[in-house]
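Visitor: Can you walk me through this structure? I'm new to this.
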Amino acid sequence: MADDNDIELISDAEEAAETSGNPDDERGTELVVPHQNLPDKLLLIPIFERPFFPAQVQPLVVDEEPWKSTFKRIAKMDEPLVGLVYAGDQEDTGSISTDDFSAIGCVVRLHNVVSNNNKIQFIAQGLQRFQITDWVDQKPPFSAEVTYPMETVTKTKEIKAYAMALIQAIKELIPLNPLYNEELKNFLNHFNLNDPSPLADFAAAITTAPGAELQNILATVPLQERMQSVLLLLQRELDVARLQSEIRSEVEQKMSKHQREFFLREELKVIQRELGIAKDDKTSDIDTFRERMATRNPAEHVAKRFDEELNKMSVLETGSPEYGVTRNYVDWLSSVPWGVHSDDNLDLETARDVLDRDHSALDDIKERILEFLAMGAFRGDIAGSILLFVGPPGVGKTSIGKSIAECLGRKFYRFSVGGMRDEAEIKGHRRTYIGAMPGKLVQALKEVDVSNPVIMLDEIDKMGSSYQGDPASAMLEVLDPEQNSEFLDHYLDLRVDLSKVLFVCTANQLDTIPRPLLDRMDIIRLAGYLTEEKVTIAREHLWPRLLTRNKVKKSQVRISDPALRALVDGYAREAGVRNLEKYLHRILRKAIVALLDGEKRISVTPKNLTDWVGEPTFRLERQLGGVGVVTGLAWTAMGGATLPIEATAVHARDRGLKLTGQLGKVMNESAQIAHSYVTTNAEYYGVEDDWFMKHFVHLHVPEGATPKDGPSAGVTMTSALLSLALNQPIRESIAMTGEITLTGEVLPVGGIREKIIAARRLGLDEVLLPEANRSDAEELPEHITDGVDIYYAENYDDVFAVLFE
């Protein structure tokens, strides 16, 4: 801020400007300013950010190179004068030429020239404008012949008015920007009321205008025109300074308010602490942790550790790093629900109602779950059980886990272990690491706040391993009922009882689950849904849920059962219902657009289904038939599938076997075994003894872009080769599966449920299975085997009898 002396000096100058001269003299007084015997030839130094004005006295710094020689020549002069010329705002100041110099500059007198650290410092006192007329030296040290424009000052009312306006503007600007105080003092020391030209130059010099605009001011010799331009610059500077002052004032006001609130708060804390009303943060935390732990029922070793850590926390300073580590540990330790359990609801009727409400079909799965719950109800405890639901995506594994939790009245927590590679995710990090945390299981217990929740471990077949450890091995302790009562979390470094937790795991396949881990779980398989089951699920669950979620009334959008059946058959044939839900969502989105466009009611039927979801993804499958063509059954992670196999004789010049269809190693071996078996036993089955010795056979499995592998196609390949050799077709209504040996034995295979569902989906009503799979087929629900004739075979003779009657 400007001090009172500065303001008084400005006021005196303003008063003098008002009273000087005769206000009634309209002619004015003319004054010619001499150039004070200044030289006609000057050494020149360029300046770059802004020009120098005659009214300025200011320290400057220039590079020692290339201007050292210039200063040496100045030192030899009687009068240390040099010309400062604005050369634009350049980054590379070392490659300057005469073309960069402005035509008008300012001659200055040098004071206190000092060289230090490759820089030359000096104080420049501005004296007079000059104009370059001719160059003497066009390389450093630059020198030129100059002239000094004569300033004719006419003291008129306009000049007086402009001078008063400039003084008033400076007077307003100084309080807003205190940076100009020193320059103002220096100027006022040699201010001449009879010469307003330096006033205009000084006013321009204290602004922050760009260098080019200031050079225009310097180059303007006529006083009134110059004062007019400077007044505009000052006015703009005032606007910016006022805005800056408002911003600063607003920030200071907010800061002072926050500081005041902070100090008041601190004073309030001290007063409350002195009166015993409040406690400091550490005492408050300790009391909170004690109160929380009082609601638990911890074991003796847990309570001992809690007291030790709490005592340690009480003696630590709140600012120390150890305090933060200890506080987090005690917070976690008191958050675990030690000995807190929820009451189980073991009413089987309630459980049956919940399962029927949430899931259509899956009757066999519901019975398995009810049996499991009944055993717990009879025993009075469901602890120590680990269930594993295995099945294709979208068949309801996760939702069944939620239903189990609801049946029991337990809290439910789910987390996915798919892709997990660090065992610390399960067992926690050790406290020595920055950012250490307990494992997921302790986090789950904290979240649900009971020790007996239902915890779902999703995608347990997709756990990985890395240099950080093997999570699957860490799971062995978690999922072992004999060990998990003393599960050790590395962060807590205490034994946590997980024996009361009901673990429900999900997987798409069993092959990738380590055998020791698999042995600890009760496996429940979920196969795919039949078409009618999918229609029921869509009608009773998926469609109503979508309508509710999107706030659409049932009367506004209707979809018929035939349309749902067409949607399942033509667009969503996968084992689960996830893709079916996507198509229903697609229909609803388009229906909402139609409703917003003015439609009152929308009905989706088989006739207009393609308008809503496009052309069918799956066409009506044409069952392949004829000589050498047999339908097999296969299992995939997506459910069951039919697998037609074709055999043809390429030529009769020599024997051979060609395999196509992207067959895997096991399937290749099955084909070789089938070919060897029929070649060896050709005469026994009524084939010419040397038929396979003379014919080159090509065996193909269609859809060659899809990789295929597995042992269950041996019987099918053998039947295709015999059909070709006998020139006798096999009826198209039968499908088969089974592995064959070189002696003709038919060995059992897996995935019987999925394979029969695949056969029914294609409309086949006969299925041939290995005798060893009879029990698997007989355990299937009646609605799956209804309408399907099942034949069993111990060896290939039984197969031959069924196929070639």
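Guide: We'll go from the chain as a whole to one pocket. This is a predicted model, where local features need pLDDT of at least 70, side-chain atom pairs count only at pLDDT 80 or more, and totals for chains, interfaces and linings use all residues. Residues are numbered from 1 along each chain as its sequence is written, and side-chain values use heavy atoms, with hydrogens and water left out.

Visitor: How many helices and strands does the chain have?
Guide: There are 28 helices and 26 strands. Both are DSSP runs, numbered from the N terminus: helices are H or I with at least four residues, strands are E with at least two.

Visitor: What share of the residues is buried?
Guide: Of the 805 residues, 47% are buried. Buried means under 20% relative accessible area, with a 1.4 Å probe and protein chains only.

Visitor: And cysteines? How many disulfides are there?
Guide: Zero in the whole structure. The cut-off is a pair of cysteine sulfur atoms within 2.5 Å.

Visitor: Is Cys106 buried or exposed?
Guide: Cys106 is buried, because its relative accessibility is 0%. Cys505 is also at 0%, so Cys505 counts as buried.

Visitor: New topic. Which residues lie nearest the centre of the second largest pocket?
Guide: Gly394, Val395, Gly396, Lys397 and Ser399, out of 28 lining residues. Helix H13 (397-408) is one of the elements that give two or more residues. H13 gives the most, with five.

Visitor: What counts as a pocket?
Guide: On a 1 Å grid over the protein atoms alone, it is an open set of points where a 1.4 Å probe fits, with protein on both sides within 12 Å along at least five of seven lines. Lining residues have an atom within 4 Å of a point.

How values were computed: Buried < 20%, exposed > 50% of the residue type's maximum accessible area, 1.4 Å probe, protein only.
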